[in-house]
Every structure is written in C-alpha cells, then in structure tokens.
Amino acid sequence: MAELEALLRALLEPDTAGLRRATLSLREALKDPETPTRLAGLLRDAPQPQVRQMAAVVLRRCLLGRWRGSDPELRGRLPSLVAEALDAETEHAVTVALAQLGALVLRRGGEGAWGPLGNWVTAAVQDPRPPRRETALLVLSAALDAAPEPLAPHAPAVAALCRGALAFGGPPPTLAYGLRALGGLAATVGDTRTELLRGLLPEILTALKLLLDGDEDRGAEALEVLDEFLEADPAAVTPHLRALLDLCLQVAGDKGRGDAVRVRALDTLTFLAQKSPKAVLRGGLLPALLEGLTSPLGDSDTPRNAAARVLDALAVGLPPEKLLPQLVPVLGGMWGSAGGGARQGALLALGALGGAGTLLRQRYLSLALGVLQGGLGDPEPGVRGAAASALRSLEENLQPEVQAVAEAALPGALSALGAAGGDRTSWFVLESLVECLGEALGPQLPAVLGPILASLEPSGPPETLELALSALHSLAASGAELGEQAGPILGALTPLLQPGPPESRPLRLQALGVVGALGRAAAEALVPALDLALSLAREEEEEDEGETLARRAALALAGAGAEALGASLAPLLPRVVPLLLGALGQPPPTAGGEGQDPLLLFEEEEEGAEPMDGDVIEEEELIEVELGGAWAEELVEACEALGGLAEHCGAAFAPFAPPCLEALLALSQLPDPVPRAASYEALGSLVGLFAGSGGAPTSPGPLERVLRALLEAARREPGAAGAAAALEALGKGLGPQTPTGIREHAARLLADTVLGKLPCQKDASEEEEDLLVLAGDGLVALGVGEELVLELLPALVDGLSPARSRCRRCWASGVLALLCPTLGGRGGALAGPALAAAASDPEGDVRANGLCGIGRLAHTWPPGRALVLRALAAEGPGRARDNACSVLVRNWEHWESPEALGLLVRALPVAHDLEEEAPVLEGLVRLHQRLPHTLWPHAAELPRACADAVGSGRLGPGLCRKLTPTSGVTSRRRGRAGQ
C-alpha cells in the first residue's frame, strides 16, 4: 500500500517527465487485481489530503467500466468504506471526489449499497452543518444523474431527504444540489410516481426563487429541474403550470438580471411549449404567456432570440386557429411601438407563423404583409434584418403576395446597401429578397448585379468580398434567367480565382462555389473551375492540417458539372472519384484531443469520466448519435455529389460505381442519422446504373445488394425521415427491373409501412404521411397481388374516415383507386362502397381519386355509373369534374346514353387535370367518327369545349386535325337545319 501511496504522490508533482513516468507506472499497477482494494484502503488512511482525493478519483475510474468484474468482497465493503471516509473527511476537494465515488457505488451497488451509504446520506442531510448537507446532496444528485433503476425503489426516501434540505432555505449550494437531485429523481422514476412528483413542485418553485435571488448562476443551472419534470411526467407539472409560468416569465422579463439566466428561463418555456402546448392552451395560460414574452421580445438580441424560440415551439405545437387569434393582437401592439426593439420582436413573432400559411392568408394577410413591408423599409438596420428573416419564413406559404412585397422593397435595399457601405445586415436583406424573388428577379437583374459585381474588387475588404459572393451565390441559385449577364459575372469572378497568398484561399473556394451554382449558365467555365478545385484539394491534402474546404468545393462543383455537362465530365472522373471516396470514408470526429491522460485532468466538480484504455463499458446500449458539424455536412455533400455523378454521367461513371457502393454501404451503418439518410439517397442513384439502360438487370449482384440494403434500412431506421429516404431510394428500383428475390420482401415492407408496423411509426410524426405516400407508390409500381391488397384494404378504408386528415384521405383514396382492379370480380363489392364515400368527400382531390377508382371498377360495380353522372352534374371546375369526364369517356361503351353525353359536353373543357385532356378529346373524336349524329344536339357547345385545348398547343397536331371536324359539327348542323 505504501508503494501505491508513493505513486499517487508522484502524480501530484509538477514535473512533466516525472508525471509521465508516474502515469505509466499507475497503468501497470492497475493491472494488478488487488490495486482497487489498496486504493480503497487509502480513502481514509492516507495522511495527505491530495493522496486521498487521488485515490478516490482513480478507484472510481477503475470501477466505472468494470463494476461486475471487480472483487465481490470489495464491492460489498465499499458502501461502508465510503460512508466512513465521508464521515471523517474535512477537506472539501476530497469530499467532492468521495461523493462522486459514492454516487457510483449507489448506482451500481443496488440494495446492498443503499443500507450503509444511504444511512450516512440520511443523517448528513439532517445535519445542521451546511457542508455536510451539501456533500450528502452531492452524492444523491450525482447518483441520480444517470437515472439508475436500482435507486427507483428509494424514490420516496430520496424525495423526503431533498424536501428536508430545501426546507432549510439555503445556502445556495445546498439548494442547488437538492434541486439537482430532484431533477435526477424525476428522470429515474419517469411517469410511474406522478403524485410524488406533483407534490414536490411547490417546494421546488419556492427553492428556485430563493436560489435565483441568492446566486443567479446556480439558479440558472438549477432551472433544469423543471425541464426534467416536464420530460419525465408532464401530468405531474400540469397543476402547477401557472406558478411555473409566472416564475419563468418574471425572470425572463427582469432586465436587471443577466442575459444568461433570462435565456435559461425562456429555454424552459420553450421546452414547456414543446412538451405540453395543449396543457398551456387548456389551462387558459396562452394569453399570459404571450403577453409575458413581449418584454424579452422587445429587448436586446440575446433574450429576444430566446423568446422567439418559445413562439416557434408554440407555432409547431398548437393549431394555427388557436394560436393566431391570441398572438396577432400582441404582434400588432408591438409593431405599433416607437421602439425599434419592439418592432424587431414583432417581426420575429411574425416569422414564427411561417407554417400557418392558410389561416394567415385567410384572416391576417393584410396585417402580415403590412408589417413585412414596413419592416423591410424601416430606418433601423436591426428591424430590416428581422423583416428579412420573417420574409424567409413566410415566402413558401404566402406566395405570390410576399414576392410583390420583396419586389417593392428591392430598390430600398439596394439604396441601403450603398449608404451603409456594405454592412452585414444590408447584405442579408438583399440576399433574402433575391431568394424570395427567384425567377421573377429577371427585370431587376441588372440593378441587383451592379452593386454586387462592383463589390468583387479583389483589393477590397475581405468581409465585403465574402458578403458579395454569398449574395451572388444566392442569385445564381435563384433560378433567374441570367442570359447575357453570365459573362459579366464570370468576368468578375475570374480575378478572384487567380493564384494568391494562402489567406486568399477561402475566397477562391467561395468564388468556385458561385461558378457551380451558375450551372449551365456557366457551362464553359465548369471544367476549368473543377480542375482548379481539384488542384486546391490536392494542396489541402498535402498540407495535412485537417482542412476539407477545398475538397468540399471540388465535390460540389463535380455535382454541378455532372448536371450541366453529363458524360462530358468523364475525363475528370479519375481525379474526382478518389476525392469522393476519401470524403465518404473519413472517420467520425473524436471527442477531445490529444494531451495528458484524462485521468490527470479530472476536476473537482466533474460529473463523470471516460473509462481508461482497455476498459469495457458495461450495459452498452445501441443509441442514435448525432455528431453533426462539418463532418456530417461533408458526408451529405459527398453523397449528393455521388448521386449527381451517377445519374448524369451514366456509363462514364459505371466503372467507378463498385467502390462507391462499398463506401455507401459502410456509411449506411453510421450512428448519425443525417449522413445515413444521405447514403440511402445516393444508393438510390446507383440503381439505374446497376439495372442497365434497357430495363433488364445487367448486374443483378450489385443491384440486389443496393435494394437489400435499402430494405433493411427502412425496417431498422428509428426515425421517419431516415426511413422515408430509404423508401424513396428503394422506389427507384421497383418495377420490371426488380430482381425476383427482392419483390416479395419489398412488397412485405411496403405493406407493413401502410399498416404502421415499422419501428419509426411508433410515434406519430409529420413524416409519417411521406412514408405512406412512398409505400403506396411502391405498391403500385410493384403490381402486388390480390392477397396483399385484401390485407391492406381495412387500412385504406380506415384512411378514408372523415376523422382522418385531408392528406391521409387523399393518400388512401389514391392508393385504393390504383390497387382496386387487382381484386378482379370482387373489386366492386369490396372497394366500391369506400370509393363511393371518397367520391362524396368534402375535399376535391379525394373526390377526384374516388371517381378514378370507380372508373376502374366499371365492369364489376354498376352503381358507379350513377355516381359519375352525379359528379358531372354537380361538380364545379376542378380535378373531380375532369376525372369524371375521363371516367365516362373510358367506359363509354358500357355507360353510353344521351343524358351522359349532354353532361359530358357541358362539363368540358378539362382545365385542371390536364393529363386527362387528350384522352377525353380523343374519346369525343372516336364517338364522332363512329356515330356523327350523336353530337348534333350539342353542336353549339362543342366549339367552347374544344377551343382552349386546340389553341393551347398542348395537343399533338394529329389530334388537333381530328378535332376540327368534331367541333365543326356546328356549321353542318346549321346547314341541315336550313335544308
């Protein structure tokens, strides 16, 4: 033991070389199974406090990943040893280390550990001396951090201990540790102890008030206890929502407090809005919440942005018809304020309503456009920036109205850009307007390009160049027809692409990105630009400093070049593909960096530490990890580039497909869901190469590997977005070219998706509608059999229920319409009533699908004729009427009658579902050719019915020639009448 004590003392010496030797010696000592027992003996007996502290730290590290493999006798003695050491210890640093060790023992030791160590904690919490109470609460809070199941049976006892500690009313560390322990308790018991957690909330809120007033920093951290309760059991919090709301709003609106604690209070409100928005609504608390947010919304940027996040969460969690009537008056009041901060807040509130497009358009369009227009023309730059941000949120759902606002604001934005000398806000506003206008930018293009190109002077400030290139990139990607302007743009970019000092490389890469965004408009520049990017990427790789900006620029250019030039890019593929494979195969980032052994960096307050080399983590669980950052972004970009090369370069890319397939299959196993989904999309792009250009599989081995990988991915994905990416990619391989061995598995997967059996469908989400659409498309493409359609029929009929959403009813009616012929003679009896219900749905698209299905059942379900004729008589212009026309024409031989013909002619022209236009008119031509006299009674209507189609250019010349005598029966009919 003396040798081990000396070794621990050596670890405390400041000598670097000695420290390294001591670390190596410690690693050797830890291989001895008796070392943990010796360390335990030093917890109390070592005379030097630092050695006792180091012994606790090292012992905890030994046990962290090897608890079950440690000496059973030591595990049995540890609770008493730690309790005795804590009882005797007077040094704070040692106490903290012992508390962390005690927390581990409580978590892993089960019932046996709670006896002696739990008794010490119980006694210490009741001790009048604050340090003892703090240590006991630290043990509890650290033990509960990981929500350990062994401590769940002791929840009432733990709650009572924390209650007692909070009842003392201070000092701040005691309150902080007690609140932290209660947060861990909530996570441990979840929703199994609702009454217990509910009873704790009043004392928690009181303690938080005291702590926030006594120690703002600790109070900000302690607010997390409210998040823990909301996460664990929202029902426990519901009765106390008013008090929780009042506390958080009071802190958030107190300008005398620091931004950190105000933002933390607002983050709790954001979490509340995410977890229990309906509870806020049912409790009548929404007006108070919105009114309370006006103060931080009108304040400085940091609290304002945090308050805007609360509104964003409310907009996601509440129906627009419930939120907007409450929020819009608050927004209007803030907009009328003289303060620029309040106007910024109003615009952030408006931006939060981007997803409420329909209701916003119906009831509040004038207000929204007025606020937006006023904000874009506001004299204060911050208000204009907030207006530009709101414009980005609203443009998708409020077109074309916001496009008119953007067009009106453009001259002012250009003027402000010149007056401000190119500040970031002015550039951001201009870029937002350009993106909103898109193709409509055409007439304004010279005016916009002028200041942008003028700012690209190579000798200008780097920041101005960066901002101007960003705006130019948005313009290039906007879809506006550049025409003759492409030449001046390339002329302005050329000087920036010339060789320069190392610090100029970021701007060169940004300029290359603009060339890629120009695409076909800069076709002649794409190959030289890609060649330059590849050279820069090689230089970057040779420098070996971990940078990948040039590689990312080269891959983006490769994707753009493939789309614009196709197989002409083939000469550069031998240089592009190794770069691509390098990006796809890069290892994920590691946590932390090189340096001293993490053991030596263990700090007093650290909550945990990683196992040392060779440790085996027990109870490992496969979880989904989002590493994010530049690593994930580059993987996604590489997958997009690969997809573009595979789809557009065709046979030129085929020799490089096998190694790319291997890289993508490896990528599809990553724990990060974002690059995993990107890998599925890229795999889908390889299907066409492996299936062969003629439809018959030329390389069934690779094709089957791709499709099997996508089948497995869709089944195992925990998130709906990832499963949707896999299904969409799989859909590219479903059809005649699908290998026989895949068809059955694919059909089963798609059917399970419709039936809601995938793991990602356990929790309803917005992406589930996407899954159903993809599954329906795949089933139709596969041409599944009668047995499977019968299995799916109840789910499709349920999807047509009035209680289902509009999107669900549209999907169910469309899939049923396309699959019902598979049922043969039983189709009418089994699917007809459901399709009849769809044909009477309030939603036009559902009615259109229902009528389409009825037309497919014409031979087996006679009642369909009456439904189609009723639709022709009753439907106004729209897809439903157009589909009824098409159904009647396709089934004319069975449903022919003068009444039907009259309804058909009066329902023309086909104006919405233009895919049906030609078949309907061809049917009229055939009728005229077979029985000309049947059209005479409708001679006056036929020119109107056919004129738009003939004059539109949508029809082929052959059909137009045939239509001329058909619509010309008018003159012949008049001639016969005169005779």
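Visitor: Where is aspartate 544 found?

Guide: This is a predicted model. In it, aspartate 544 sits in the loop between helix H30 (523–543) and helix H31 (549–565).

Visitor: Is aspartate 544 buried or exposed, and why?

Guide: Exposed means over 50% relative accessible area. Aspartate 544 has a relative accessibility of 66%, so it counts as exposed.

Visitor: Which residues form the negative surface patch there?

Guide: The patch is made up of Glu541, Glu542, Asp544, Glu545 and Glu547.

Visitor: Turning to the whole chain, how many helices and strands are there?

Guide: The protein chain has 51 helices and 0 strands. It has 979 residues, and 52% of them are buried. The chain exposes about 42,000 Å², of which carbon and sulfur atoms supply 53%.

Visitor: What share of the contacts comes from residues 24 or more positions apart?

Guide: Among contacts with a separation of 6 or more, such residues account for 71%.

Visitor: How should a buried position be read? Take alanine 265: which helix holds it?

Guide: Buried means under 20% relative accessible area. Alanine 265 belongs to helix H16 (residues 259–275). Its relative accessible area is 1%, so alanine 265 is buried. Leaving aside neighbours within four places in sequence, alanine 265 has contacts with Leu223, Cys248, Val251 and Ala252.

Visitor: How many residues apart in sequence are alanine 265 and alanine 307?

Guide: They are 42 residues apart in sequence, and their C-alpha atoms are 9.7 Å apart in space.

Visitor: What is the relative accessible area of glycine 102?

Guide: It is 0%, so glycine 102 is buried. Glycine 102 lies within helix H6 (residues 92–109). With neighbours within four places in sequence left aside, the contacts of glycine 102 are Val82, Leu117 and Val139. Between glycine 102 and leucine 81 there are 9.6 Å, C-alpha to C-alpha, at a sequence separation of 21 residues.

Visitor: Next, charged pairs. How many salt bridges does a search of the whole structure find?

Guide: Side chains of opposite charge can pair when their charged atoms come close. The search of the whole structure finds 49 salt bridges.

Visitor: Which residue meets glutamate 647 in a salt bridge?

Guide: Lysine 732 does, at 3.2 Å from N to O. This pair links distant parts of the chain, 85 residues apart: glutamate 647 is in helix H33 (residues 629–649), and lysine 732 is in the loop between helix H37 (720–731) and helix H38 (740–754). Glutamate 647 has a relative accessible area of 45% and is partly exposed. Lysine 732 is also partly exposed, at 41%.

Visitor: With which residue does arginine 715 form a salt bridge?

Guide: The partner of arginine 715 is aspartate 752, with the closest N and O atoms 2.8 Å apart. Arginine 715 is in helix H36 (residues 700–716) and aspartate 752 is in helix H38, so the salt bridge ties together parts 37 residues apart in sequence.

Visitor: Which of the three classes, buried, partly exposed or exposed, applies to arginine 715, and which to aspartate 752?

Guide: Arginine 715 is partly exposed, with a relative accessible area of 32%, whereas aspartate 752 is buried, at 9%.

Visitor: What distance, N to O, is found in the salt bridge of arginine 809 and aspartate 841?

Guide: The distance is 2.8 Å. Arginine 809 lies in helix H41 (residues 806–819), and aspartate 841 lies in the loop between helix H42 (827–839) and helix H43 (844–856), so the pair ties together parts 32 residues apart in sequence. Arginine 809 counts as buried because its relative accessibility is 9%. Aspartate 841 is buried as well, with a relative accessible area of 8%.

Visitor: Which residues do salt bridges that share partners join into one network?

Guide: The network consists of Arg806, Glu843, Asp845, Arg879 and Asp913.

Visitor: Last, the backbone. What is omega for the cis peptide bond from glutamine 399 to proline 400?

Guide: Omega is near 5 degrees for that cis bond. Proline 400 is placed in the loop between helix H23 (381–394) and helix H24 (401–419). The peptide bond from leucine 908 to proline 909 is cis too, with omega near 10 degrees. Proline 909 is in the loop between helix H47 (898–907) and helix H48 (917–930).

How values were computed. Residues numbered from 1 in each chain as written. Predicted model: local features only at pLDDT ≥ 70, side-chain atom pairs only at ≥ 80, totals over all residues. Heavy atoms only, no water. Patch = residues over 30% accessible without salt bridge, like charges linked within 9 Å, V, L, I, M, F, W, Y side chains within 5 Å. Areas by Shrake-Rupley, 256 points an atom, 1.4 Å probe, with all protein chains shown as cover. Salt bridge = Lys/Arg side-chain N within 4 Å of Asp/Glu carboxyl O. Lys, Arg positive; Asp, Glu negative; His and termini not counted. Charge placed at Lys NZ, Arg CZ, Asp CG, Glu CD. Helix = DSSP H or I, 4+ residues; strand = E, 2+ residues; numbered from the N terminus. Buried < 20%, exposed > 50% of the residue type's maximum accessible area, 1.4 Å probe, protein only. Contact = heavy atoms within 4.5 Å.
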